[in-house]
Number of protein chains: 2
Amino acid sequence: MADIDSGSARPAPRKRADARRNEATLLDAAASAFIASGVDVPVRDIAARAGVGVGTIYRHFPTRADLIVAVYRHQVEACAEAGPTLLASGGTPRAALARWIDLFVDFLVTKHGLAEALQSDNAAFQSLHAYFLDRLVPVCAQLLDAAATAGEIRSDLTAIELLRGVGNLCVGADDPRYDARRMVGILVAGLGVIDDD
Amino acid sequence: MADIDSGSARPAPRKRADARRNEATLLDAAASAFIASGVDVPVRDIAARAGVGVGTIYRHFPTRADLIVAVYRHQVEACAEAGPTLLASGGTPRAALARWIDLFVDFLVTKHGLAEALQSDNAAFQSLHAYFLDRLVPVCAQLLDAAATAGEIRSDLTAIELLRGVGNLCVGADDPRYDARRMVGILVAGLGVIDDD
DNA sequence: AGAATATACGGAACACTGTTCCGTTTGGCA
DNA sequence: TGCCAAACGGAACAGTGTTCCGTATATTCT
């Protein structure tokens, strides 16, 4: 931390105290608003919860995606870090892949509307999409490679496609007639079908 | 058709000529607007294309779903009718199921935004959802049953879930990095994995 | 401490879209 | 031809995202 201030180019001008306070307040407000009303809760609602004006939200988080990323960053990081851990933990690579995807699915289905937002082609969610991909694609690719190399699954699939497919299957997971986890399970089972003309 | 007019309760009062004309014009305008800008093109755009006021749209099609259903009804019917045909055409039930799902996927991926609308929990799309389910679930269930009875696929899956899963996988199919057809293929392959602990 | 300045704030205002409503027009009929 | 119910057009309203600027305040300088 200290070495940031001693840098040469830009001394990383510390933000004003009220700004830092508001940012934290906003993160809390957004997190609870997301739980209560989904990730597409109106900006004004979040502002009201936090007791700030809407301008303050846009100043700290220019797009909704930035706010969502900030709120869920910890959990995404945890998911990313679980990949190598699972791979090293003894089972087959394919089992590790399956367990990792379970983690990913658990994360998505418990965040109302997040899967929908992830797949949205709305420009406002582009950076959300990018963040998830940047962080998770390498992890998924590693697991995918390991399982493919072991001959346990087909090898013609990219990590992007798999993540996206799994994310898609999680859309609408709050409908009791639709079990996203089971559908993902079937998809993952299909990965193991290598030659099935 | 003729027997409708000869019915006893309501003589089905024929609509005014301008109303019938406008309805046809609106269907054309909506169809081309959907192709040009997706199924969530603004109402005003459709009205402008058709040369009518927005009120006229709402009078003929109270919700956007009604308009979408009207535009695509023919194609949905064709898909529904293809089910029994495929089942009777000689191959295994599982092959028939796979081909039918191909038809469904082809339909979805060529309608920009339709898959998204189908999965949306927005109340305005409820009747769209209902129509698709009403029409396609029985067909899908028949194919699913036949394949399950033949022991070709797992038997613990409902037609609703399968249709929904396939629909979900078709979301975002216009992204070149994502091949919805391939993902659906993997899902369908997974249906054949009956005991894979 | 008191003044000066950059930073941050609040919320009005604007843009865009869905939806409703009502005064006006018009097709069908006596 | 004259009537009127049906249909029309589009203004008006409502909800939401986004921008902008006058005001307030934390921080720095003297």
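## Around DNA strand C

Of the 24 residues that surround DNA strand C, the nearest are A:Asn22, A:Val52, A:Gly53, A:Gly55 and B:Ala17. Keep in mind that this is a predicted model.

Which elements supply at least two residues each to the surface near DNA strand C? From chain A they are H2 and H4, and from chain B they are H2, helix H3 (43–50) and H4. H4(A) gives the most here, with four residues. Sorted by class, this surface holds ten nonpolar, nine charged and five polar residues.

## Around DNA strand D

Now for the other strand. DNA strand D has 23 residues around it, and the closest are A:Ala17, B:Asn22, B:Val52, B:Gly53 and B:Gly55. Chain A puts two or more residues into this surface from each of helix H2 (17–37), helix H3 (43–50) and helix H4 (54–60), while chain B does so from helix H2 (17–37) and helix H4 (54–60).

H4(B) is the top contributor to the surface near DNA strand D, with four residues. The class split for that surface is nine nonpolar, nine charged and five polar.

## A look at H3 of chain A

H3(A) is one of the elements on the strand D surface, and some of its residues are buried: A:Ile46, A:Ala47 and A:Ala50. Looking down the axis of H3(A), these buried residues fall within an arc of 100°, so they line one face of the helix.

What do the buried residues of H3(A) pack against? Their partners are H2 and H4 of chain A. Right after H3(A) comes A:Gly51, with a positive phi near 70°.

Notes
Residues numbered from 1 in each chain as written. Chains lettered and ligands numbered in written order. Predicted model: local features only at pLDDT ≥ 70, side-chain atom pairs only at ≥ 80, totals over all residues. Near = placed C-beta within 6 Å. Nonpolar A, V, L, I, M, F, W, Y, C, P; charged D, E, K, R; others polar. Buried ≥ 20, exposed ≤ 12 C-beta atoms within 10 Å, placed from the backbone. Arc of directions from axis to C-beta. Contact = placed C-beta atoms within 7 Å.
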